[in-house]
Amino acid sequence: MQSPPGPRLDSAVLTAPPAAGPCQPARLAKHHNSHLPARLDWVGPDEVWFQRSSKAQPWRQLKALLGEELKPLVLKDQEAKQEFGGRRGSTAAEAALNRGRRAGEVPRANAPSTERRSQASPTDSRDADGRLTIAAQAAKFINAIKGGQCVLYSVGEEDSPSTVYLGTAWDHNNARPKPLGRPSKVRALLETVHWDTRGVPSCTCDRGRLYFNAPCVHKLALQALERPRQASHISLQKGPRMVEAPCRPGERVFGVYWNAASPSPQRTMVHFGASKQFPWYCEGRQSGCSKTADCSHILEVKRALQRPDGVHRVSGCLFLEAQLERALVSVHHGGNVVRVGAGGAAANGVPAGCADTHASDSNEAQGSPSEDAPQELEQYLLELVTGGHHEATCKGETCFCKQHPRLFGGVVTDVGACASGCCSSASASGKRARSEQVDGSAPAEGKPGVKRRRRVAMVLPMEAEGVQVEIPKLVRPVDSWDVHDPEVTLLRQPVRVSELVGRDFAELSAMECLSAPCPRAPPPCKTGWMGLWQSAHIYSLQWAQEVKVRIFCCACPEKHTIHFNGEALGLFAWTRGVIVTQASCQLLLRSIQESGSASNGFISACAEVRRQYKPSAVLLSEETWRKASLSFFRLCGRSILECCSICGLHPKVLLCDGIAGLACADGGRQKGGLAGTSAAAVRPFTAPSQDSAGFNVEKTIEAGVNYCATSLEGRGMKRRLVIQPELRALLARFSGHHLKDPGSGKPLAQKEYVELPIALERADVEVVAGFVADPADADADPILLHWRRRILREQVGQIRSKNEAVLELLDGIEREAMRENLRWPPRCPGKWSELLYGLGTPLSVSDDSNLIQHGRALAVVRKFLLGGAANGKDKATLAEHAPVLRRLLDHYGNVYPDFFMPALHHLYRLTLFGRGACGLGIGRAGWALSAIEGLDYCVRLARDFRTQENAPNAEQLKVFRFWEARANDLLPGVESLTPPAPQQYPLSQSELQLLRDRLGLEADGSEPHALPSDHPFCKEQRKLGCYPLPGWEQKRPLPQYKPFEDELGRSVDRREEHRCRSGLTVGEFDCEIAAKSSVKSAKRLQQHTKGGFLFCCPHRVVYGFHVMMRGESPRDPFTVLYTRLHQRNLPNFLIYDNSCKLQAYCMRREPIFLADVRFLVDRFHFQRTDAEAHKCGPGFNPDYYDAVRFVNTSAVESCNSFLVRFKTLAWYSSLNAFIVILANVVSGRNSKLRRVDDPKLRIAGRVDLWTPAVRAALLNRW
C-alpha cells in the first residue's frame, strides 16, 4: 500500500501476505523510521494506522481502533510477553485488584489449555485466570531456599521428630517473598511453621490461618520437605528459648519463646531498628502486648543480651540439594492440598483425613476449584474478590420493567384494559400482573431468609403514613446482582432509573405517568372509586420537585384510598403528599452506619447547603425525614443477607458475646429507648415460649433422669470425680497449676497434705475435714476441724468408689514425685498438674466431664480401659477433643500408667452419662446402662489380672473377650448418641421417641421445620431478634425448665449466671468495674444493664443478634443454639468469655443436643489475671486445641467496637426502630469487611450463592 502524495511521511502500516490464512502469522510493515513492533498476527488488507510528517513530529492516528479489533491484539500481546519474559500481563480481575477499577473493562484472556498447563514447570503452573497456584508458589519458595532468598531456620528440639521452623514471610497475593525487617508493605518478620500434635501442618501466616487446613506456601513446603509426623507437646516446647536471625546491617530480629499460658511453639518476633523514637517493635502488640512501653518479650530480649552467653544465632541451610529437588517434585504432584496424615503418615499410624473433619459440612459436598466450575460460580468469585458488581440484566417476562411497559418499553397502554387509560402497570395486552392485583400477595423471589408479602394496591386511609407497602427491590448491596437499572424510555432524553432527578419527574408528571395502580375491586364501602390528581413533592437530599400524582379514593366519609406506588422509579411514598427517593433513605442509613449516631446532623447539613445556594428551596423537616426513612427501613425488613465466604452458613467455629450499655436502667426519665418504660413491659428474648393461650412451655428436669448433676444435692450420677468441695480445693492447691492465684495457688502445708489421703480413704463420707487459719498465729499451720454433712444414702457408694480411685491416683503420683525429688511433702509433677487442677477446679464451675466430653474421645478412652494402646489416629483424636489427656499421654508413650486406670474409668462413666445418656430406659435399666455393664466387668477383670500372681487362664480370657465384644458392640452408639440397631438393642417406641426428643428431632426422627413467623412460640424472638439467614430460623419453643427457672427463664440459683471467678453476674461485674473507674462516662454507664448479643464467625462476619432486655447470662447463647439450629449445624467450637458457665448451663438442660459442642473461653479473658480471670480448668483454654490455633478468638470484640457506637442511638430510639436500623447497618458492615491476608479481598458474600465450592476456590485461588 502506497503513502498518499505530498510531503514525505513516516507511516506504520499493518500488512498481510496475500495467502495469509487464519493460522498464518502476519507482519507489521515498517516504513522508513517506524519503530513499532515487528511481529503481530493480523489477517486482512494492509492499512495505515499511524502517520507523522517528520521525526520531530508526533505520530498521528489515522484509524480508530474498535473493541473487536483490540481484543485479538491484546491477547497476542499477552502471549508475546509471556513467551519473551516468562511473565504475563494482569487479567481484568488482577487489574481491578491493583487499581481499584471495575472489573470487565478489558476482557480477560482465554484460559490456557489443559495440555499447556500440564507441560508447565512446577514453579509456573497457573489457574484458569493465569495466577500462580499456591503449589507453584510453594515450589517457588523451595527454589528460593536453594538460591538463598528464603530460609527455614530450625528452632525446635535438636534431633527431635517435632520440628519447628522460622520461615521467610511470603506475599501470597504477589507470589514473592517478603524480606526480613520491620513489618511494612514490603518487609515482614519470620513465620513459625511446624507439625502439630494432630499430624497437621501449622503456620502463623495470615493465609495459613484462614480456615481449617487452609493451604499456604509454608505448609506445602513443609510437607514436601518432610514426611508427615505427629508432634509431641513435650518436644514442641523445647529448643532455644530465644534465637536471633540474621538481618540487614543496623537491624536485629529475635524470636522469643515466652507465651504465657500457651503450649504453642510459636516464637514471638521482636525487631530492633535504628529509629530513635521507637527502636523496639514486638509482634505481640497485635495480640495484647503494650504499644507504649516495653512488653515482656522486649524485656526478655534485653535481659538475654546482658547475659554473658548472649543469644543463640540461627543460620545455614538445613536441607540438602537432593532433598530440595525431591520437594519440588512432591509439590508439583501434590497440588494445593494440605495433606492430613496422608502418605508417609500412614506408617506412623495417622490415617488420611483424620484431622480434616471440619473442612466441610457433613451434608454439603466439598467443591473443587477446577476449570470446569460453573460459569456463574466463576463470575461470583471474581466479583466477590474485586468488590464490584456485574451489570444486572432484564429477567424477561418476570422482570419488574415488563410490568411497566409505558415507562420502560415505550408501549402505549391498551385503553381497553382500563376505561380511563390510567393503569401504568398494565401489560400491553391489558392484563394486569397478578402481583399487583388488589389484595394480591406473592412471596419475594431470590431473597432467602426474607419472607415478603407484596400488597401493591392496598386500601389505606387517605391521611395514612407509610402508604407504600411494596417491598423495595434494592434493600441490601447484594440485591444489585439481581435488579437491573432500566432506562425510562418515555422521557425525551431517556435516563436510567438510578439517574432520575427533579426535571425528569416533572416531565413524567406532565405526561400523567405518576399514578396509583388502578383498582380492580370495589372499595370496602361499596361506593365506587374516584381518580384524583393532587399536588405532591418528591424530596431528595439534594433537590425537591413538585409533581402531580393521582390517587383513587371512595366517596364515603372514611376516604378509602389507593395511594401512589413509586417503587419502579426508585421512590418511596411516605404520605399522599410526601414522596422521598430511596437513594436518599439509603444515604441516611450509610451515614448512621459510619457515624454511629442519628442522621439529624447529616440532614441539617444537607439542608444548610441547599439553602445557601437556593434560599427558596423547599425543604423537608428533619422529623419527617426521620419518620419517612424509618418507615422505609421497616419496609425493607430485618435482613442480613451475607454470610462468610470461608465459613459458610453454619461456621464450625462460632463466637458470641454480649455488649452492655446499649440502654440505661434509669430510662424512665428518657423518651423511650431500650430502657424506657414502654420497653420494660416487653418479655425478654430469653423468656420461655408461650402457647396461644399465654401459658409457658414447660419441661420438668430431674437430676439422674434428664441430666447428671454436679453438686452433692440431687440424685443420680455426678459429673465430678471428687464431689466434696473441701477435697477439690486441696487437689487444686496440690496441683500447683495456678501458682499466682491467691486461693488455689497457695502450696499445701504438711498437715493438709497428710489429711488429703486420709480423707479420701475414710469410709464415712459424711465426715468433713476442713482447715481454718490459726487465730493466734497467722503464719502457723492451719487448724484441722471435723464436722458432719448429710448425704443421700444412694450417693455414699458412688462417692466412696470415686475417692478410692483418686486415692490410688495420688499414691502413684506421690511415688513418681519422690523418685524425682526426695522432699516432703512432695510437689506435684508438672505432667499431672493440669489433670489434677481440672479435677479440683472450684465448685461453681467444675465439670470433670469436660476433660473428655466428645464422643470420639470417649471411644479412645474405652480402648485404653480395655487394655489397648494408642495409635496415631487415637492421639490425633485426643489432641483435637481432649488435649489434657493427650498431653499426659505424651509423657508415657502409648498407654497410661496402671494407677490412673481406675480414675480414668470413672471419668469415662461420668462423661458418658453426663452427655445425656442417663434416663433413657422406660420401665427398665435402658440402653446406656446395658452397654456400660460390659465395660465395667472388663475393667474389674483387668484389675484382677494385674493383681493376681498367675496369668489369666483360658476360661478367664474367654469371659473377658465376651464382655469386651459386648462393650465394643453397644458403647459406640451410646458414645455418639445414635440409636442402636434393633439386632443390637431393640428400643421401645417410647424410648425411641424420648431419645429423638432429646436430640431435637420430631417424633418420626425427622428434623423440625422452621416455625411460621406468626406462631405464638416466636413472639418474643420475632420482636427482639434478627437471625434471618437460611437455617437460622426458629424451629423449637424455648421451655421453662422447672424447677430451677422462674416464669421469665431466670435461674432460681443465681450462681448459674455468675462469672467464673468474680462470683457476680455479668451486669453486676460491669457495674462494679464502672464504679471503680475514674472516667466520668464509665460512671454514668454503671447502671447500664441491657444491650445486645451477637454471633459472628472468626472472620468477623455477624450472623445475627438480639436485644437483651435484662442482664447478659448464659441463657442468651443457649436460646439461639437450642431453638434455631439443627444438631448437625451446631458449631464444633463455641468461643465465649463465660464458656465455663455456659457449658454447665447447657449440660443441665439439653445435654444430648449440645453434647459435642466444645465450649472455649477466648484467649484474652482466659489469660487475664485480674478480677475477671478464669479459674476453670485448662480444658477451656483455646491454646490447648491445635484445631483452633488459627482462630482469632477476640474477633467478636471488633464487632462490639462497631456496635458500641450506637449506644446513644439505642438510648433514644424506640425498640422496633432500633432493631430495624441495626439490622441494616450490620448488613452494610458485613459487606465492607475485608480479608485479613489481603485487604483488597472481601470476606462476606451472598448467602444464596454460597456453596462449599466457593470456600474451596477461595482458599486455593485467592
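The paragraphs below lead through a predicted model of one protein, from its overall make-up to individual residues.

Because this is a predicted model, local features are reported only at a pLDDT of at least 70 and side-chain atom pairs only at pLDDT 80 or more, while totals for chains, interfaces and linings use all residues. Residues are numbered from 1 along each chain as its sequence is written, and side-chain values use heavy atoms, with hydrogens and water left out.

The protein has 1262 residues, of which 55% are buried, where buried means under 20% relative accessible area, exposed means over 50%, and partly exposed covers what lies in between, for a 1.4 Å probe and protein chains only. Its secondary structure comprises 36 helices and 33 strands; these are DSSP runs numbered from the N terminus, with helices being H or I runs of at least four residues and strands E runs of at least two. Among the contacts with a separation of 6 or more, 68% join residues that are 24 or more positions apart, a contact being defined by heavy atoms within 4.5 Å.

Confidence should be considered before any detail is read. The average pLDDT of the protein is 79, and 76% of the residues score at least 70; pLDDT is the predictor's confidence in each residue, on a scale from 0 to 100. Over residues 663-673 the pLDDT stays under 50, and the model gives this stretch 26 contacts beyond four places in sequence. Residues 1077-1089 also have a pLDDT below 50, with 19 contacts in the model beyond near neighbours in sequence. Where pLDDT is low, the predicted coordinates should not be read in detail.

The interior can be approached through the largest nonpolar core, which has 188 residues and in which Tyr896 and Phe900 have the most contacts. Such a core is a set of buried Ala, Val, Leu, Ile, Met, Phe, Trp, Tyr and Cys residues joined through side-chain atoms within 4.5 Å. Leaving out residues up to four places away in sequence, tyrosine 896 touches Phe864, Leu878, Leu885, Arg886, Leu888, Leu889, Met901 and Leu904. Helix α23, residues 901-917, holds histidine 906, which is buried with a relative accessible area of 14%. With residues up to four places away again set aside, histidine 906 touches Leu721, Ser801, Lys802 and Ala805.

Two helix pairs show how elements pack against one another. The axes of α16 (residues 725-735) and α17 (residues 750-761) come within 11 Å and cross at roughly 135°, which makes α16 oblique to α17. Axes here are lines fitted to C-alpha atoms, for helices over the stretch in contact, and angles run from 0 to 180 degrees between N-to-C directions; angles under 35 degrees count as roughly parallel, over 145 as roughly antiparallel, 65 to 115 as roughly perpendicular, and the rest as oblique. In this pair, Leu727, Leu730, Leu731, Arg733 and Phe734 of α16 meet Glu752, Tyr753, Leu756, Ala759 and Leu760 of α17.

In the second pair, α20 (residues 855-865) packs with α25 at an angle of about 155°, the axes lying 9 Å apart, and that makes α20 roughly antiparallel to α25. Gly855, Leu858, Ala859 and Arg862 of α20 make the contact with Asn968, Leu971, Pro972 and Glu975 of α25.

The backbone also deserves attention in several loops. The loop between α25 (954-976) and α26 (989-998) contains leucine 977, whose phi is near 55°, a positive value in a residue other than glycine; leucine 977 is buried, with a relative accessible area of 5%. Arginine 1100, in the loop between β29 (1091-1096) and β30 (1102-1108), likewise has a positive phi, near 75°. The peptide bond from tryptophan 824 to proline 825 is cis, with omega near -5°, and proline 825 belongs to the loop between α18 (793-820) and α19 (830-839). A cis peptide bond also runs from lysine 1042 to proline 1043, with omega near 10°, and proline 1043 sits in the loop between β28 (1040-1042) and α28 (1066-1076).

A last stop is proline 177 in strand β8, residues 176-177, which is partly exposed with a relative accessible area of 30%. Beyond its neighbours within four places in sequence, proline 177 is in contact with Cys150, Thr168, Ala169 and Trp170.
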